[in-house]
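Let's take a stroll through this structure, looking at how its inside is packed and where empty space is left. Have the picture open as you read.

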Amino acid sequence: MLWLGTADSFGAAVSDSVAGALLDHVVQWNSAEAVLRRATAEQSSASMFYASPFSLSAACVTGDYRHSDEAEVVQQGRGHTLAGVEAESYMRLSRNTVVWGDACFHIGTRRNILWNNADDYDLVGPYVIADSVGGNLSVRSYDFGGGYAGFSRGWTWGAQAGYTARISYRNRDPRDKIVVSDLRVSAGASRQFGGRYSLAVDGSLRVYNQESDIEFYRPNNDIRLYALTGLGNYYPRFSGNTAKSVAYTGVGFGGALTLMPVTATLPVFASLNFTFQPVKQILRDFNNLELTRSRHYMLAVRTGINVHCSKSVQVTPRIDALLHRQLGFENFFGTSTGNNYVQIGTRRNYYHDCAEGNVSVPVEWNCSQTLDLDITPAATVRYGHEDYRRPKRTLESSAITPLLKMSVKWTLSSAMRLRLGAGGAYTFARANRENLAGINLASIMGTSVTHNFAMLTCDASTVGGELGLLWAFSPSMALDVGLNASSTDYRGHGKALAAVISAGLKF
């Protein structure tokens, strides 16, 4: 374990750690305790001061592939092929200051997207302009982020910001061009108490914008667009081929409480994060008419503890839980005058509740000077309830997924380490309630709704593996290459194959 005394001794420990071997730092960085520590600290910019006692940077190239025989959600496609360049850094500039940052660029293709002419479907759905033809989307994405944290007399303070710019497009009818701009900023402060823990309070702001434009180049186009409202419903008045330019916009906010240990006496971690994100759907072709709006409420809880059972065995049990509620509102309009539409009413007609919890117990065993064994049993529980009021339609599902992961790490030499891992999971899913009264199950739109629910409620088994090599070819730089692959069998709905390959430098 890496730990420490007061915040001043935290800074003093840095110079000792930096003098150690680079490979030891990388191994410590990837330990279950370090992963939990960073995951908790990232909820608060002020807590990032305690994210790690040493500096570490990385740059890599990645390849990401996924293919499904059937889409899990038809609006999100049947897979993707992406290549990327990624970089991240965490640097302790002095005893009392820390900076961090990341940047990445991804390019590739998302395949077989149907009933969705927008991006970020988890955020803007179900209120999308859609067609049944769909197809592949070419994607380019840019992500940048960074922050600063400082310490003085038991207090820490910090601020961080991140920005995502993404463009997705299709070169055949319907020719989508989707541009996303997503800005996130947060700031906060923390205070030590008892000389062992730090409690941080943070506030955050998110500014989201998306422009989705659809063009048809074929003169005799017969592709119809639909203004979807969820569970097979749509606005007949704003469907057809006129609503081809749509914007999604919203300014959200959030807050977080984070508990971080600054000593090894009681290595307990905890965080509570709340966010509220509204999203308006605006039809540009109808004089910037606000057709619908959504409100997203999310509460995330994380807690964990690191326990040294002996000199060679440590256990890091953790619990993660996420609650998400989406409320959807539809606006109604009277007779139009020219291109002006007078709103005559609104109603909350859609809501979607999701709850997910995960319990994992990573066990790390240092078997010998050259061999380490990691075993992680875990279980995930999921519940979902989707409801449309008029006409009354309801979908409710639940699932539990036990899983087991194992990995072995060999020290081949003082400069080289090999890792090999394998794992498996099985999802037991069930449909608690299914009421789709009035929907035409023979239509393409109705089939998409029933297909998504069938995929959500079918049992599935997953097996996967990992192979990696870490080689320090100089005292200050190491090569890290890795391959992760998995196969998922959806009972009665085909298979999904996924693989991620990466090669990069740690320094």
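## Cores, a pocket and cavities

Strand 13 is the biggest giver to the lining of the second largest cavity, handing over three residues. Keep in mind that what you're looking at is a predicted model.

So what else surrounds that cavity? Its lining is made up of Leu123, Val124, Tyr127, Tyr248, Val279, Gln281, Thr292, Arg293 and Ser294. The elements that chip in with two or more residues are helix 4 (121–124), strand 12 (268–283) and strand 13 (289–305). The whole structure holds two cavities of 30 Å³ or more, and the second largest has a volume of about 30 Å³.

Now for the open space. The largest pocket takes in about 590 Å³. It's lined by 22 residues, and the closest to its centre are Val27, Gln28, Gln314, Asn366 and Asp372. Helix 2, strand 15 (313–315), strand 18 (363–366), strand 19 (371–388) and strand 20 (393–413) are the elements that each give two or more residues to the pocket's lining.

Here are the two linings, sorted by kind of residue:

| Space | Nonpolar | Polar | Charged |
|---|---|---|---|
| Largest pocket | five residues | nine residues | eight residues |
| Second largest cavity | five residues | three residues | one residue |

Helix 2 deserves another look. Which of its residues are buried? Running over residues 22–29, helix 2 has Leu22, Leu23, His25, Val26 and Trp29 as its buried residues. Looking down the axis of helix 2, you'd see these buried residues fall within an arc of 160 degrees, so they line one face of the helix.

On to the packed parts. The largest nonpolar core has 32 residues, and the ones with the most contacts inside it are Val124, Val128, Ile129, Phe238, Tyr248, Leu283 and Leu291. Strand 9 (residues 225–230) supplies the largest share of this core, with four residues. Apart from it there's another core, this one of 23 residues, including Leu22, Val26, Phe49 and Ala149. Leu22 and Val26 are also on the list of buried residues in helix 2.

Which residues does Ile129 touch, leaving aside those up to four places away in sequence? They are Asn116, Asn117, Ile214, Leu225, Tyr226, Ala227, Ala243, Val246, Tyr248, Gln281 and Leu283. Of these, Tyr248 and Gln281 turn up again in the lining of the second largest cavity, while Tyr248 and Leu283 are among the residues with the most contacts inside the largest nonpolar core.

Technical notes:
Residues are numbered from 1 along each chain as its sequence is written. This is a predicted model: local features need pLDDT of at least 70, side-chain atom pairs count only at pLDDT 80 or more; totals for chains, interfaces and linings use all residues. Side-chain values use heavy atoms; hydrogens and water are left out. A nonpolar core is a set of buried Ala, Val, Leu, Ile, Met, Phe, Trp, Tyr and Cys residues joined through side-chain atoms within 4.5 Å. Buried means under 20% relative accessible area, exposed over 50%, partly exposed in between (1.4 Å probe, protein chains only). Contact means heavy atoms within 4.5 Å. The arc is that of the directions from the helix axis to the C-beta atoms. On a 1 Å grid over the protein atoms alone, a cavity is a set of points where a 1.4 Å probe fits but cannot get out, and a pocket is an open set with protein on both sides within 12 Å along at least five of seven lines; lining residues have an atom within 4 Å of a point. Grid points are joined across faces, edges and corners, and a volume is the space filled by probe spheres set on the points. Ala, Val, Leu, Ile, Met, Phe, Trp, Tyr, Cys and Pro count as nonpolar, Asp, Glu, Lys and Arg as charged, and the others, Gly among them, as polar.
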